[in-house]
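Me: I should like a close look at a single part of this model, namely the nonpolar core. Please explain each term as it arises.

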Amino acid sequence: MKERLYQVWRALIWTFDPADRGEAGKAVTRNFWLHWFPPRMTKESLSWGYSLWLGTISAVLFFILVITGIILMFLYVPSVERAYQSIKDLEYAVSFGWFLRNMHRWSAHMMVAAVFLHMLRVFYTGAYKNGMSHMAKRQINWVVGMILLGVTLLLSFSGYLLPWDQLALWAVTVGTQIARSVPFIGDEIYYVLAGGTRLDQNALIRFYTLHVIFLPALLLVLFSYHMWRIRKDEGLAITEQFSIARKKGEAVQPEMVFSTPWAVRRIVLVSLGTLVWVMFLSVFLKSPLEEPASLEWTPNPAKAPWYFLWLQELVAITTIRIGGFTLNGGFVGGVLIPAILGGAATIWAFIDKSPAEATGVWFHKSRLVQNLVFTFFVLIIVGMTIFAMYFRGPYWGIYWPWAWPELPEII
Amino acid sequence: MEQKPQKQALPDVKEDPFPYDSWIIYGLAVVGAFLLGLAIYKELNPEYIKYQREFKALVEKKFGKEAAASITFGVKQIWIPALNKTERCITCHMGYEWKGLEGEDVPKVFRTHPDIEGLIAKHPFNKFGCTTCHGGQGFATNVREAHVINEGGKKVRWLEPLLSSEKAKEYGFKDWQKSPLIEINCNTCHRFDDSLPGTPYINLAKRLVEEKACRTCHMINGEGGQIGPDLTYEGSKMPEMFDMRGTYYEIKDGKPVPSGRTVQEEIERRGLPLTVFSWHILHFEEPRSITPTSKMPNFGFTDEEKLALTMLVMSWKKVNLPAEYIPRPKKGEVIPQADTSKKAEGTVSADLVKRGEEIFKQKCTACHQIDKKLVGPALKGLFERRKEEWVFAMIMHPDSMVKNDPTAKKLLEEYKVPMAVPGGITEDETKAVIEYLKQATK
């Protein structure tokens, strides 16, 4: 049985039967789809426990988003008169429209989370370090990764506006107003984003174009470079551990496995798992869609998308009222603090001077202090996000999630 | 010649380094197939299918197989681009246009739409759809979202909720079974008509607006005073614009005293739903119970009048109507205007007194009555107290009078609210009012 399945697998994926390692290598490098893999990898690079496969999951989510997104482009009309109606049609009238939209929405949320977790994994394993390698420049990939995180957030944020409902309009209002508090050029940034002095058709078409062309293209280019760099940096950081061990005189021989079929199969597994998880969410959880967007009235409370909620919370905390005088926290909480945090995290790969042994291992003891400081900030960000998501109620007051006050209706 | 690299022994690729991977993939494939099946099942079995099958069975029972054959399954809709409406209500309410499904034996959801007083002939379905009158969410194809029903703590919010009879019952309408709340949507288009068949509440409210001279203080349709808020688009105000968490006041010895409850708690205490509608009911009952500084008098409205007036203000919505939807004005039913043709008349005639009375009712009665102290003093015996010139000056120039005239200053101290004549007044009109008052205040 196993032999039979193996034959089927071979028939489908790799009909070529290499006679030696050279041929096996060429089989990979000459295949367009496989050429970004080395012919062989260490077994540890493919383990679950080291990378948690978060990068692959992010990439798979991105491809789900591209495919569902292209189909949605046939159905969505980026105009303030029709956008909302086209989403309603997706929900109620288009065949599998609800499923498509759910998959796109949940993949987008998942991708923000996956990319963020990927960043955490790379930090905690010291994977931006070069170890014993003289060739590797993994710091560059860390910086590229931070930019990719930013692009992912922008992609999600620009997509947030498109349904043109109250949730979309006011979440983006919160976001763009934070951008407006950048000193000197804040108004210009807002004007470039919104295409005017308020969120209207100009803003919608700008966000749409950014969302469907500009940002995905940018992400694809950066992603390709990100993958290419992994090869040029001599693979995942965990492989450095073998060089380190060898230098110490330990006779370790890494177990090498062929990229195809073993790595390919694992990628198929992760892709399928991600797809199944997104499908699970999409079958059982509805995507929110509120009343049509209206600048005439503000929902109470108006919240930013969840991944920017910590910024909104920061803005709220840093807004100080002394008597009748209000110091708006938009700049300090919305721009300065996140810029410092993001900037520090980005250049940290160049500052981190921990020993080479700390490369590619989880929580190396030499990096204890920086891991703790990093964790501290991560917990604050996650904590503020959860707090703003579940404990901030009407008038931005603090409520237990189950004791949310009843809000008035019209009739 | 290509140099062949030194041959290295090929490791045994058949030895699987990750022996469980394949099985996990098979497992995931099964789960994925199951979820896909579930998605297909959900797609093919929407909530409305149940109703469509029931309807088909009903038609077959009543009119035979042939009639039933014309019924197809799927989303049905009336699309009205002019109003930007897509009405999918008829996906379930399939019998709305059928003849012969009027009877009580037909379930309500399938019943033929009644044609009350030729209503449908004037408002054909393909031009007006469903939600124009009934409210609710026309896009939706499930009961909960189309009818905007909040259940189990799960909110469905929609700008134009369904104006159902159940809603009317909650507000205590005596005739709630007739869904009187729908009159709100009638008047959204018919706001300029004096009265309209089939809208008793709105007609009552419109009569009250004239009787109580609301325009004295309020701008309505761009016409009226500016003492109170402009009510032209009162119905478009969102719930967030009403402070439900403010203090509710009780009136003791003519003064508002905090009751210790919020407006929201008062609404809940009375068993009313927490809505803008309920806020208006409370506000019409006693404006100062919500805004203690309000100058609006307590008119002592009955329960029915409060409901009617609330419906009227809720109907004053901002809508963009295409020209062909604007109802024809009712000729011969124009709001009575002050007659200006007799301007030149100088002698004290019965006509002049009558005209004075009309103006008085329009512009003065909100604050002044002959026998009763209201916002302003009672006017009985006015000319025994004051000279005619004083009264004339007070009506014509109340602003400068309350600043300069000692008597007027004292009155302002006593009554707090400075006198103002809504919409201004001409010299001739003032003279007419004075002639009327000379007789009325004796």
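Reply: The following account describes the core and the chain around it.

This is a predicted model, in which local features need pLDDT of at least 70 and side-chain atom pairs count only at pLDDT 80 or more, while totals for chains, interfaces and linings use all residues. Residues are numbered from 1 along each chain as its sequence is written, and chains are lettered from A and ligands numbered from 1 in the order in which they are written. Here pLDDT is the predictor's confidence in each residue, from 0 to 100.

Chain A has 15 helices and four strands (DSSP runs, of H or I over at least four residues for helices and of E over at least two for strands, numbered from the N terminus). Of its 411 residues, 38% count as buried, that is, 20 or more other C-beta atoms, placed from the backbone, lie within 10 Å of the residue's own.

A nonpolar core is a set of buried Ala, Val, Leu, Ile, Met, Phe, Trp, Tyr and Cys residues joined through C-beta atoms within 7 Å. The largest such core holds 78 residues, and those touching the most other members are A:Leu61, A:Met111, A:Leu162, A:Trp164, A:Ala168 and A:Ala171. Helix α6 of chain A, residues 97-124, gives the most to this core, with 13 residues.

Beyond its neighbours within four places in sequence, A:Ala171 is in contact with A:Tyr160, A:Lys303, A:Ala304 and A:Pro305; contact requires C-beta atoms, placed from the backbone, within 7 Å. A second, separate core of 36 residues includes B:Phe173, B:Tyr249, B:Leu307 and B:Met311.

How values were computed:
Buried ≥ 20, exposed ≤ 12 C-beta atoms within 10 Å, placed from the backbone. Contact = placed C-beta atoms within 7 Å.
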